[in-house]
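The following exercises concern burial, contacts and aromatic pairs. Each task is followed by a solution in steps.

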Amino acid sequence: MIQKAVNNYSELLKLKVFRAVGDIADSLARECYVVGGFVRDLFLGRHSKDIDFVSVGSGIEIAEELSRRVRRPVHVFRSYGTAQIKWNGIELEFVGARRESYNRDSRNPIVEDGTLEEDIARRDFTINAMALRINSEGFGNLVDLYDGLDDLQRKVIRTPLDPDITFSDDPLRMMRAIRFATQLNFDIAPDTFDAITRNAQRITIIKQERITEELRKIMRSPRPSIGWKLLADCGLLKIIFPELAAMRGIEVVHGRGHKDNFYHTIEVLDNVALATDDEWTRWSALLHDIAKPVTKRWDESVGWTFHNHNFIGSKMVPRIFSRLGLPMGAEMRKVQKLVELHMRPIALVEDEVTDSAVRRLLNYAEEDIEDLMILARADITSKNMEKKQRLLDNFDLVDRKFADIRTIDSDRAFRPALDGNDIMAMFGLSQSPMVGFFMQNLTRVSKDCEIGPTREDAIAYLLQLGTEKGLVGDPSKLPDPELKAKNKKQPTSQL
């Protein structure tokens with residue numbers, strides 16, 4: 001793939017945008033290059049929506065001239081020396097070549113004009129430190145001072161300069177290294193990874209929103225477990241996500257140890273990622289056992305227990321979302337719900353799969369039922385293949401019952417066999433909270449299939465409920481159902 005791209009990249013660069021920018025750079029006598037992620041993705045055969053241009057001299061002037069030619073607005077950020085134009089669905093960014101120096105207490109650099117070589121040297125990783133010339137002279141020539149193309153072919157993340165300096169200057173680059181390794185399924189070079197471990201504590205100077213942005217990109221990757229394992233191995237996890245780091249490890253008592261809940265969790269996360277791109281179902285997988293460290297107990301009779309970890313975990317979700325700066329609306333509520341309910345499907349299939357139990361689960365999960373079942377299936381990580389297959393077969397049965405119950409509900413549009421007027425007639429009541437009490441309970445047991453769907457089933461249930469409340473019902477007082485239905489169809493008289 002990479003070799004093919006190497007042979008053809010000059011053809012790919014003959015897009016209108018590159019010729020247009022190159023012509024403007026020539027007219028201003030400026031060297032101009034495409035740099036960074038676009039070049040990397042070009043060689044990897046990945047689509048990129050952003051193109052970064054670096055010129056030796058002002059990049060803003062090139063952007064302003066392009067804006068005039070293509071009649072697109074330009075957004076200039078003079079304090080940063082950058083300009084942006086959106087053209088044909090692509091975001092173009094222009095900047096002059098620069099060199100940077102850092103204060104230890106901030107990742108914001110002191111920026112000065114520099115050469116192309118200085119600009120390339122300041123970049124985070126060798127695979128992002130390549131440049132393609134777009135001037136007419138030398139169009140398409142690759143500038144690769146740090147063997148970035150070789151690192152792409154070897155699938156390695158490595159810094160151009162001393163990694164300790166790179167990560168100390170800008171600690172967010174440690175998160176970016178792990179994110180790129182996850183997205184691209186690359187390895188991090190040993191000396192680069194060791195430097196992340198040595199500098200992990202420096203992450204504390206980074207704003208939470210920037211850290212969370214990287215975490216969300218990891219979560220949207222094909223195999224998110226790669227990133228979470230790397231975060232744990234280098235020591236960043238215990239700083240940025242202590243609740244998750246606490247899940248790592250096995251405690252042994254009397255020769256009996258529980259499973260490593262961290263590695264179980266990231267295995268479940270990968271299973272979910274194979275089944276859905278939905279980011280919040282993936283977060284549910286990451287957090288489904290988050291309360292196990294705080295609920296872990298040793299019981300001499302049964303061994304290790306984690307009682308109520310699903311309920312306690314659901315209570316932890318808002319606090320975690322708030323600290324990470326994740327959305328606190330419907331997304332958080334969905335994750336909270338799935339964490340709380342994640343044990344319900346497995347408990348259901350280990351018992352008899354009854355219509356009433358399936359209906360209750362449907363009612364609790366509502367529109368998130370499919371994602372709950374994805375999480376439940378993903379949570380089966382047993383190495384006992386016979387047990388695993390049995391549970392998966394039972395989940396198939398539950399899915400079929402979901403479909404059957406939805407068909408039944410659609411057919412009868414879910415109305416109990418008796419209504420409030422029937423209850424008032426049967427018990428001699430006027431409109432009152434007691435009528436509402438009877439109706440709510442009748443609706444609930446009917447919906448959950450705790451009673452049958454017939455009129456006789458509803459009457460029997462209400463008589464029993466009335467006895468518990470000290471009320472005597474008389475079914476003979478009920479209106480005739482055929483007459484009642486006929487009256488409903490009569491048109492209202494026009495006066």
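**Exercise 1: Two tryptophans**

Trp 283 has a relative accessible area of 0% and is therefore buried. The model under study is a predicted one.

Task: Determine how Trp 228 and Trp 283 are arranged as an aromatic pair, and which parts of the chain they link.

Solution.
1. Trp 228 likewise counts as buried, its relative accessible area being 0%.
2. The ring centres of Trp 228 and Trp 283 are 6.3 Å apart and the planes form an angle of 80°. Since an angle over 60 degrees counts as edge-to-face, the pair of Trp 228 and Trp 283 is edge-to-face.
3. Trp 228 belongs to helix H11 (residues 225-234) and Trp 283 to helix H15 (residues 279-287); the pair thus links distant parts of the chain, 55 residues apart.
4. Ring pairs join both tryptophans with Phe 241, Trp 280 and Phe 321 in a cluster.
5. Arg 323 lies over the face of one member of this cluster, Phe 241, at 5.9 Å from the ring centre.

**Exercise 2: Two phenylalanines**

Task: Classify the ring pair of Phe 53 and Phe 94, and state whether these residues are buried or exposed.

Solution.
1. The chain has 11 aromatic pairs.
2. In the pair of Phe 53 and Phe 94, the centres lie 4.9 Å apart and the planes meet at 10°, so the rings are stacked.
3. Phe 53 is in strand S2 (residues 50-55) and Phe 94 in strand S5 (residues 90-96), so the pair ties together parts 41 residues apart in sequence.
4. Phe 53 and Phe 94 are both buried.

**Exercise 3: The surroundings of Thr 295**

Task: Establish where Thr 295 lies and which residues beyond its sequence neighbours it contacts.

Solution.
1. Thr 295 is located in helix H16 (residues 292-295).
2. Its relative accessibility is 6%; because buried means under 20%, Thr 295 counts as buried.
3. The side chain of Thr 295 reaches the backbone oxygen of Ala 291 at 3.0 Å.
4. With neighbours within four places in sequence set aside, Thr 295 is in contact with Thr 305, Phe 306, His 307, His 309 and Ile 312.
5. Ile 312 is 17 residues from Thr 295 in sequence, and their C-alpha atoms are 8.3 Å apart.

**Exercise 4: The chain as a whole**

Task: State how many helices and strands the chain has, and what share of its residues is buried.

Solution.
1. The secondary structure comprises 26 helices and 15 strands.
2. Of the 495 residues, 47% count as buried.
3. Among contacts with a separation of 6 or more, 66% involve residues 24 or more positions apart.

Note on methods
Residues numbered from 1 in each chain as written. Predicted model: local features only at pLDDT ≥ 70, side-chain atom pairs only at ≥ 80, totals over all residues. Heavy atoms only, no water. Helix = DSSP H or I, 4+ residues; strand = E, 2+ residues; numbered from the N terminus. Buried < 20%, exposed > 50% of the residue type's maximum accessible area, 1.4 Å probe, protein only. Contact = heavy atoms within 4.5 Å. Polar contact = N/O pair within 3.5 Å; in protein donor to acceptor, adjacent residues only side chain to side chain. Phe/Tyr/Trp six-rings, centres within 6.5 Å; stacked < 30°, edge-to-face > 60°. Lys NZ or Arg CZ within 6 Å of the ring centre and 35° of its normal.
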